[in-house]
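Here is a friendly walk through the reasoning behind some structural labels. Have the viewer open and follow along.

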Amino acid sequence: MAQRAVPVTARWPGALAGALVLVLTIGTLGAVAWRAEWGGGLAPADWAAIRFTILQALLSAALSVLLAIPVARALARRRFWGRQLLITLLGAPFILPVIVAVLGLLAIFGRSGILNDGLGWFGIEPISIFGLHGVVLAHVFFNMPLAVRFILQGWLSIPAERFRLAASLNAPVGRLLEWPMLRAVVPSTFLVIFLICLTSFAVALTMGGGPRATTVELAIYQAVRFDFDLGRAALLACIQFVLCVVAAVFAWRVTGTDPIGAGLDRVVQRWDLARPAVDFAAIGLAALFLLLPLAMILLRGLPGFLDMPTTVWAAAMRSIVVAFGSAALCVLMALALALRGGAMVSVIGVMPLAASGLVVGTGAFLLVFPFVRPADVALLVTMLVNATLALPFALRSVAPAVAQIKQDYGRLALSLSMIRWSWVRLVVLPRVRRPLGFAAGLAAALSMGDLGVIALFAGQAEETLPLAMYRLMGAYRMETAASAALLLVTLSFALFWLCDRWGRADADM
Amino acid sequence: MLTCENLLLQQGSFSLRADVRFQAGKAVALIGPSGAGKSTLLAAIAGFLTPVSGRVLWDGRDLTHAAPGDRPVSVLFQDNNLFPHLSAAQNVGLGLRPDLRLRADDQAKVAAALHDVGLDGFADRKPSALSGGQQSRVALARVLVANRPVVLLDEPFGALGPALKDEMLDLVKAKLVSAGKTVLMVTHDPADAQRMADMAALVADGTVSPPVATSDLFSNPPPALKAYLG
């Protein structure tokens with residue numbers, strides 16, 4: 001059987017995008033390994049980093065999921081004013097810059113934060129947030145909302161008729177309907193979060209640190225930045241790659257639909273709704289946990305907002321340029337790969353998830369090192385790296401849409417001889433605009449907030465906004481840092497909103 | 001003459017044999033139970049399904065390996081016949097220029113075709129602003145401007161109500177059959193076949209029977225058709 005139902009498009013854009021991703025993931029790793037001076041292999045500290053990475057990822061994923069279950073259950077059962085807004089808000093941490101959240105959490109749990117102030121009133125010694133619990137706290141802040149959305153989707157996927165049947169039989173809803181659903185949804189949620197936490201850098205950099213709380217990604221940073229020990233960096237990157245591939249293969253196989261999408265506004269009618277206080281307590285606490293740190297940023301950042309040094313504004317301008325460039329490159333690559341389609345493309349599309357952003361950046365520098373000064377191309381490399389790292393998410397948004405377009409209109413276009421550029425220009429681009437806008441928004445916001453490879457090589461003149469903010473925090477200029485955080489979070493959400501809005505503009509589809 | 005020569009088609013575990021000739025300039029109804037392979041036959045003629053063996057010929061020219069767009073064939077599918085983001089005029093224009101770079105005389109042809117199907121003044125509307133019947137008319141206008149000798153109808157009017165469907169069939173008869181097109185129409189409704197087609201071919205039990213006069217087929221149905229009609 002042979003079926004031809006998809007118009008032909010040029011092969012080179014997909015091939016080019018695929019090659020670029022391969023060069024930036026495998027190629028950069030190769031470059032780092034090749035330039036390395038292979039010494040004594042892994043030091044005890046490196047083994048500690050590996051153990052810590054796995055431990056914190058396990059704890060973060062387990063806590064995120066455990067805390068998310070009651071919140072998701074409450075959101076699935078209760079109807080209240082602002083429910084949809086809250087669910088939308090749960091998607092926000094995905095594009096919230098890590099460094100902003102860290103500053104917000106410090107304002108509450110840090111040395112001079114609200115919590116320690118409160119404890120001081122009772123004469124209790126202040127607690128330190130730095131270390132394993134700080135890392136886990138920040139990871140839970142980011143990933144608990146993601147877990148809520150995953151699990152809520154599981155809850156809402158139980159057909160309303162089942163609840164009706166259970167009610168008429170007076171059967172226990174929990175054991176009959178909810179437990180089987182959780183058994184299907186929780187493992188995939190756990191694995192996705194585990195994977196996200198494995199490559200954590202900015203959180204570990206700010207909340208961890210010290211030999212006892214160092215992740216592999218942070219160890220790579222230290223190996224490159226302080227020791228310039230490329231051999232160790234490459235070795236660590238390989239270990240991280242293997243860890244991620246194993247987790248990613250598991251995660252991708254058990255993952256269902258995308259939690260970022262819409263469709264969570266349904267409330268299923270239930271007949272087992274005693275004790276609303278428990279549900280609303282769960283919702284209230286979760287909302288407080290998410291909103292309080294952001295409110296603190298607003299509170300502390302607003303007063304000095306207009307007095308920020310010009311260097312911060314300059315850094316913001318650079319970040320915006322990098323974000324737009326990265327978003328454009330990312331959606332172009334995603335579109336080229338999606339048009340090409342096929343299993344190979346799917347594999348290439350998820351590879352950046354397993355790559356270390358720092359190694360990608362270091363490798364890219366090594367590849368261009370003979371020709372230019374690293375600082376000169378710091379922003380360009382950051383743009384490339386950010387585009388590559390955002391690619392899996394962009395592809396998850398764009399690829400299914402392109403596949404649907406091929407399925408719906410492939411035959412019609414073929415019978416009309418619409419191939420190559422006509423097909424892309426007249427059919428694919430107009431119809432894929434919405435997911436394309438969403439993907440661009442995601443890529444732009446992720447790039448805007450990224451504090452990764454830029455920390456390795458940038459001097460004062462190449463500083464991005466997250467890096468400027470990090471350096472302000474390092475200098476204990478917390479008020480200015482909070483103002484910069486406010487600017488950063490505003491820009492991130494504005495960029496996302498702008499791109500997403502562009503995708504939705506032409507609504508009469 | 002449209003010829004299916006020793007055609008063997010396969011889709012998964014389903015297979016269909018066809019060794020039939022369709023006379024040029026006639027409307028032929030393909031009738032049979034659902035799942036019998038009526039749409040499969042059209043997919044092979046349109047070029048979406050490569051036959052396992054056998055050939056498809058038009059006036060002696062071998063089409064078996066031609067690309068769908070290079071065949072002398074226009075198709076109307078069950079659904080998705082229009083691009084929802086393009087206006088009626090643009091959708092029609094695709095029948096002339098697949099890249100939509102329409103010259104002035106192309107534009108005039110589009111307007112004339114829209115006029116022909118009774119859609120004056122609807123050129124700038126998008127499909128979502130048209131009724132189901134009007135959408136079918138736009139698709140038909142595109143078939144008119146494409147002006148290809150063979151037209152395949154894969155139940156494009158199935159979603160319309162009975163009166164609208166009859167209206168569309170009459171329009172097909174008036175605009176396409178009268179103009180000498182060879183029309184192949186899939187249907188599972190005997191009334192449709194009798195309304196529009198001079199000839200009808202039974203598709204059942206994995207084979208396509210040669211077309212015979214529609215009235216003969218229904219006055220003296222073979223066992224498979226009898227079983228289907230009940």
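**How the labels are earned**

Chain A of this predicted model is divided into domain 1 (1-35 + 302-509) and domain 2 (44-300). Between the centres of domain 1 and domain 2 of chain A, taken over C-alpha atoms, there are 24 Å.

Q: What makes up the contact between domain 1 and domain 2 of chain A?
A: On one side are 36 residues of domain 1 of chain A, and on the other 31 residues of domain 2 of chain A. Helix 20 (478-504) of chain A is among the elements with at least two residues on the domain 1 side, and helix 20 of chain A gives the largest share there, 9 residues. By kind, that side divides into 27 nonpolar, 6 polar and 3 charged residues.

Q: Which residues touch the most other members of the largest nonpolar core?
A: They are A:Ala334, A:Ala394 and A:Ala443, in a core of 249 residues. Helix 16 (residues 378-415) of chain A gives the most to this core, 21 residues. Both domain 1 and domain 2 of chain A contribute at least three residues each. Take A:Ala394 as a case: leaving out residues up to four places away in sequence, A:Ala394 touches A:Cys330, A:Val331, A:Ala334, A:Ala439, A:Leu442 and A:Ala443.

Q: Why is A:Ser417 called buried?
A: The cut-off for buried is 20 or more other C-beta atoms within 10 Å. A:Ser417 has 20, so A:Ser417 is buried. Its place is in the loop between helix 16 and helix 17 (420-449) of chain A.

Q: What is notable about phi of A:Ser417?
A: Phi of A:Ser417 is near 60°, a positive value in a residue other than glycine. Most residues other than glycine have a negative phi. B:Asn6, in strand 1 of chain B, also is not a glycine and has a positive phi, of about 45°.

Q: Is B:Asn6 buried or exposed, and how do you know?
A: Exposed means 12 or fewer other C-beta atoms within 10 Å. B:Asn6 has 11, so B:Asn6 is exposed.

Q: Why is B:Met1 called exposed?
A: B:Met1 has 12 other C-beta atoms within 10 Å, and 12 or fewer counts as exposed, so the label applies. B:Met1 lies in the segment before strand 1 (2-11) of chain B. Leaving aside neighbours within four places in sequence, B:Met1 is in contact with B:Arg21, B:Gln23, B:Ala24 and B:Asp59.

Q: How do you know that the span of helix 6 (residues 132-156) of chain A agrees with its number of residues?
A: At 1.5 Å a residue, its 25 residues should span 36 Å, and the end C-alpha atoms are 34 Å apart, which agrees. Helix 6 of chain A does bend, by about 35° at A:Asn143, with A:Pro145 following within four residues.

Q: What makes helix 6 of chain A mostly covered?
A: The count does: 21 of its 25 residues are buried.

Q: Where is the kink in helix 1 (residues 12-35) of chain A centred?
A: The kink is centred on A:Gly27 and amounts to about 35°. Buried residues of helix 1 of chain A include A:Leu24, A:Thr25, A:Thr28 and A:Leu29.

Q: What makes up the side of chain A that touches chain B?
A: This side divides into 12 nonpolar, 4 polar and 5 charged residues. In all, 21 residues of chain A are in contact with 23 residues of chain B, and helix 16 of chain A gives the largest share of the chain A side, 6 residues.

Note on methods. Residues numbered from 1 in each chain as written. Chains lettered and ligands numbered in written order. Predicted model: local features only at pLDDT ≥ 70, side-chain atom pairs only at ≥ 80, totals over all residues. Core = buried A, V, L, I, M, F, W, Y, C linked by C-beta atoms within 7 Å. Domains from an automatic or database assignment. Contact = placed C-beta atoms within 7 Å. Nonpolar A, V, L, I, M, F, W, Y, C, P; charged D, E, K, R; others polar. Expected span 1.5 Å × (residues − 1). Bend = angle between axes of the 7 residues up to and from the residue.
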